[in-house]
Amino acid sequence: MATVLLVEDDHVVRGAMLRSLSERGHAVHAVGTALDALRRVAAETPDLVVLDLGLPDLDGSDALRMLRGITDVPIIIATARDDEQSVVRLLRAGADDYMVKPFTGAHLDARITTVLRRVGRASRTVQPAVHTVGGLRVDVGERSAVLDGEPLALTRKEFDLLAYLAARPGRVVSRRELLEEVWRQPSVGEDQTIDVHLYWLRRKMGESAAKPRYLRTVRGVGFRLVAPD
């Protein structure tokens, strides 16, 4: 059983999907607007979101980007739009799967099960619970980071960035990989997002790009996290 947030403005479709998923053992919460979805995800993290694109207050593609800004939970897009360009754009923007209406409850249930199995398998193989690099300790489960015995006050994305690098100590991680895996965004053009977050992360860790300790820049390639010499 999974906790599913259903974001669908059509009350008839919403009711039918809610009943179908509930009958299959899922705990389903349903909302009809993007704003309600953002509030619900921020307050109670579901296992998965089923997101309609035709919402009354915000286009679903914009809602997807906003959701990706606050959560990494799997998102399945459910919509009547079926052109390939839309599919590719939404998958690159952070959707985990895409379903074209109409579809049956059994089909949706199968997609939910498949996505959760894939995400669960990836998280088990990629991220252990705790990463230790030199005097840095990053606890992924508790979402806490401690440097030389002192806790670091990090924003959500600063922590995500540090945890991703700490899980791969010594390995050079490219900008493209960070955008796709941490920000869940396509790597198109030059993006200053990583530089800004690295700047503040370095400041909080008591270092700088000119005098790095843990966070090293590999010019023209990417970044890596290593223990100080």
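Biologist: How do you know that β11 and strand β12 pair, and in which sense do they do so?

Modeller: Two strands pair if DSSP finds at least two bridges between them. β11 and strand β12 (residues 222-225) have 4 bridges, so the pairing rule is met, and the sense is antiparallel. Thr217 stands opposite Phe223 in β12, and Arg216 stands opposite Arg224. The model is predicted, so local features need pLDDT of at least 70 and side-chain atom pairs count only at pLDDT 80 or more, whereas totals for chains, interfaces and linings use all residues. Residues are numbered from 1 along each chain as its sequence is written, and side-chain values use heavy atoms, with hydrogens and water left out.

Biologist: Why are β10 and β11 said to stand at the edges?

Modeller: The open, antiparallel sheet has 3 strands in the order β10-β12-β11. A strand here is a DSSP run (E, at least two residues), and a helix is a run of H or I (at least four), numbered from the N terminus. β10 (173-174) and β11 (215-218) each have a single partner strand, so one side of each lacks a neighbour in the sheet.

Biologist: What makes β1, helix α1 and β2 a β-α-β unit, and of which hand is it?

Modeller: Helix α1 (residues 11-23) joins β1 and β2 in this unit, which is right-handed. That name applies because, with the strands pointing away from the viewer, the path from the first strand over the helix to the second runs clockwise. Strand β1 (residues 3-7) and strand β2 (residues 27-31) pair in the parallel sense over 5 bridges, and Val7 has Val31 as its bridge partner.

Biologist: How do you know how much area domain 1 and domain 2 bury between them?

Modeller: The bounds, 1-120 for domain 1 and 128-223 for domain 2, come from an automatic or database domain assignment. Buried area is the accessible area (1.4 Å probe) that two parts lose on being put together, summed over both. Here the value is about 580 Å², 33% of it on carbon and sulfur atoms. In domain 1, Arg68, Asp72 and Arg92 lose the most area to domain 2, together 61% of what that side buries.

Biologist: How many salt bridges does the rule find across the interface of domain 1 and domain 2?

Modeller: The rule asks for a side-chain nitrogen of Lys or Arg within 4 Å of a carboxyl oxygen of Asp or Glu. Across this interface it finds 0 salt bridges; therefore, no pair there satisfies that definition.
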